[in-house]
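Subject: A structure for you to look at

Hi,

Here is the structure I promised to pass on. Have a look at it first, and then read on for what turned up.

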Amino acid sequence: MEVEEILDMETISMNIIAHSGDARSLAFEALRKCREENFEESDRLIKKAEKASVEAHHSQTNLLVSEAQGKATPISVLLIHAQDHLMTSMLAIDLIKEIILLEQERREEK
């Protein structure tokens, strides 16, 4: 593997990590706003979290497309770490969205 390929994989991995981290942070901030009953801000933050997650997912999709075209993806601990970040941030967003909906419903019933 050439140095340029290694650097590209590191860049892709770090891109996934950065965007996933942003997504997770935004999702938890949305949850905090929900606890403050600021549902408008909570919704805005969840949408930002989803956009950040999509950015991370685009990088992952590019790797999948490249591999489907026959170019092997060099696996590294950094790439595995990036995938972990992506999956946990996606799960966090999904769960937090459900928690926010439950909280909104609970407060509407009062």
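Let me start with the part I'd look at before anything else: Glu-37, Glu-103, Arg-106 and Arg-107 are tied together in a network of salt bridges. Keep in mind that this is a predicted model. The mean pLDDT of the chain is 92, and 94% of the residues reach 70 or more. Broken down by element, helix α3 has the highest mean pLDDT, at 95, while helix α1 (residues 3-35) has the lowest, at 90.

Back to the network. One of its links is a salt bridge between the side chains of Arg-107 and Glu-37, at 2.1 Å from N to O. This pair connects distant parts of the chain: Arg-107 belongs to helix α3, Glu-37 belongs to the loop between α1 and α2, and the two are 70 residues apart. Arg-107 also meets the side chain of Glu-103 in a salt bridge, with 2.3 Å from N to O. Glu-103 and Arg-107 are separated by about one helical turn, because they sit 4 residues apart in helix α3.

How buried or exposed are these three residues? Glu-103 has a relative accessibility of 16%, so it counts as buried, the cut-off being under 20%. Arg-107 is partly exposed, since its relative accessible area is 21%. Glu-37 is exposed, with a relative accessible area of 52%, and the cut-off there is over 50%.

Glu-37 deserves a second look for its backbone too. What is the phi of Glu-37? It is near 65 degrees, which is a positive value in a residue other than glycine. As a general rule, most residues other than glycine have a negative phi. If you want to find Glu-37 in the viewer, go to the loop between α1 and α2, where α2 covers 39-68.

How many salt bridges does a search of the whole structure find? The count is 8. Another one to look up joins the side chains of Lys-47 and Asp-43, at 3.1 Å from N to O. Both residues lie in helix α2, 4 residues apart, or about one turn of the helix. Lys-47 counts as partly exposed because its relative accessibility is 46%, and Asp-43 is partly exposed too, with a relative accessible area of 40%.

While you are in that helix, look at Ser-42, which is also placed in helix α2. Is Ser-42 buried or exposed? Its relative accessibility is 0%, so Ser-42 counts as buried. You can use Ser-42 to get your bearings towards Glu-108: their C-alpha atoms are separated by 16 Å, and the two residues are 66 apart along the chain.

That brings us to the surface. Glu-108 is part of a negative surface patch, together with Asp-94, Glu-98, Glu-105 and Glu-109. From this group, take Glu-105 as an example: Glu-105 lies in helix α3, which runs over residues 77-109. With a relative accessibility of 44%, Glu-105 counts as partly exposed, because that value falls between the cut-offs of 20% and 50%.

If you only have a few minutes, I'd go to Arg-107 and follow the salt bridges from there: one to Glu-37, and one to Glu-103. Then turn to the negative patch that includes Glu-105.

Have fun with it!

Notes
Residues numbered from 1 in each chain as written. Predicted model: local features only at pLDDT ≥ 70, side-chain atom pairs only at ≥ 80, totals over all residues. Heavy atoms only, no water. Patch = residues over 30% accessible without salt bridge, like charges linked within 9 Å, V, L, I, M, F, W, Y side chains within 5 Å. Areas by Shrake-Rupley, 256 points an atom, 1.4 Å probe, with all protein chains shown as cover. Salt bridge = Lys/Arg side-chain N within 4 Å of Asp/Glu carboxyl O. Lys, Arg positive; Asp, Glu negative; His and termini not counted. Charge placed at Lys NZ, Arg CZ, Asp CG, Glu CD. Buried < 20%, exposed > 50% of the residue type's maximum accessible area, 1.4 Å probe, protein only. pLDDT = per-residue confidence, 0-100.
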